[in-house]
Structures are given as C-alpha cells and as structure tokens.
Amino acid sequence: MTSPISEDTTDSSESPAEDTTNSSDSPEAEPTRQSGFLAATYEELSLVVWPSRQQLFSESIAVILMVSLSAAFIAAVSRFYSWASSQIFV
C-alpha cells in the first residue's frame, strides 16, 4: 500500500509518451467502470460485520434510553434557567 504522499521516482529527463489508447474516450469504458464500482462495493459490503439480532436490540434500547435521558436533562436545565430568569427580571 502506498502512502498518499509519496516521492516521484520517475526520471525527469524522460518525457512521458503519448497514450494513444485513452480508455475514457471509448464507449466501452463506462460499463467497465460501473462494473468495477459495483464489484468494489460488493467487496466492501462483504467486509462489514453485521450485528446479531440481540446486539441490535440491546444497542437500540441503549440509544433510546440515552436520547430520552438527554432530552429530559436539557428540558430540566431549560426550565431552571427560565425560572431563574423570571426571578431576576421581574
């Protein structure tokens, strides 16, 4: 695997040759590119570790519980500041 920042190892004295077979201009290039994308997508999806039903259920309950507690805490803080400001600016 190469790093995103790599040194250029080509000889600068040589001029790059003209590539007469440009694949992006040919009509066959698009289906090849699409099939390559679909193959890469399928390969990435095969690497995903999907959760079990029990793990999905327990993590969903944890998320719902934390969202509910966070909403209750924010509502309580908001009511406190509303009460405090009404006491100060009467």
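Helices are taken as DSSP runs of at least four residues, numbered from the N terminus. The model described here is predicted. On this basis the chain contains 2 helices and 0 strands. Helix H1 covers residues 29–47, and the loop between H1 and H2 holds Val48. Helix H2 comprises residues 53–88.

Burial in the predicted model was evaluated over the 90 residues of the chain, of which 2% count as buried. The exposed area of the chain is about 9000 Å². Carbon and sulfur atoms account for 63% of that area.

A nonpolar patch lies on the surface and has an area of about 330 Å². Its members are Leu45, Val48 and Trp50. Val48, the loop residue between H1 and H2, has a relative accessible area of 36% and is therefore partly exposed. This value also satisfies the patch criterion, because residues in a patch must have over 30% relative accessible area.

Aromatic contacts were examined next. A pair of aromatic rings is described by the distance of the centres and the angle of the planes. The structure holds 2 aromatic pairs. In one of them, the ring centres of Phe80 and Trp83 are 6.2 Å apart and the ring planes make an angle of 35 degrees, so this pair is classed as tilted. The angle falls between the cut-offs of 30 degrees for stacked and 60 degrees for edge-to-face pairs, which means that neither of those classes applies. Phe80 and Trp83 both belong to helix H2 and are 3 residues apart, so about one helical turn separates them. Phe80 has a relative accessible area of 47% and is partly exposed. Together with Tyr81, Phe80 and Trp83 make up one aromatic cluster.

Terms used:
Residues numbered from 1 in each chain as written. Predicted model: local features only at pLDDT ≥ 70, side-chain atom pairs only at ≥ 80, totals over all residues. Heavy atoms only, no water. Phe/Tyr/Trp six-rings, centres within 6.5 Å; stacked < 30°, edge-to-face > 60°. Buried < 20%, exposed > 50% of the residue type's maximum accessible area, 1.4 Å probe, protein only. Patch = residues over 30% accessible without salt bridge, like charges linked within 9 Å, V, L, I, M, F, W, Y side chains within 5 Å. Areas by Shrake-Rupley, 256 points an atom, 1.4 Å probe, with all protein chains shown as cover. Salt bridge = Lys/Arg side-chain N within 4 Å of Asp/Glu carboxyl O.
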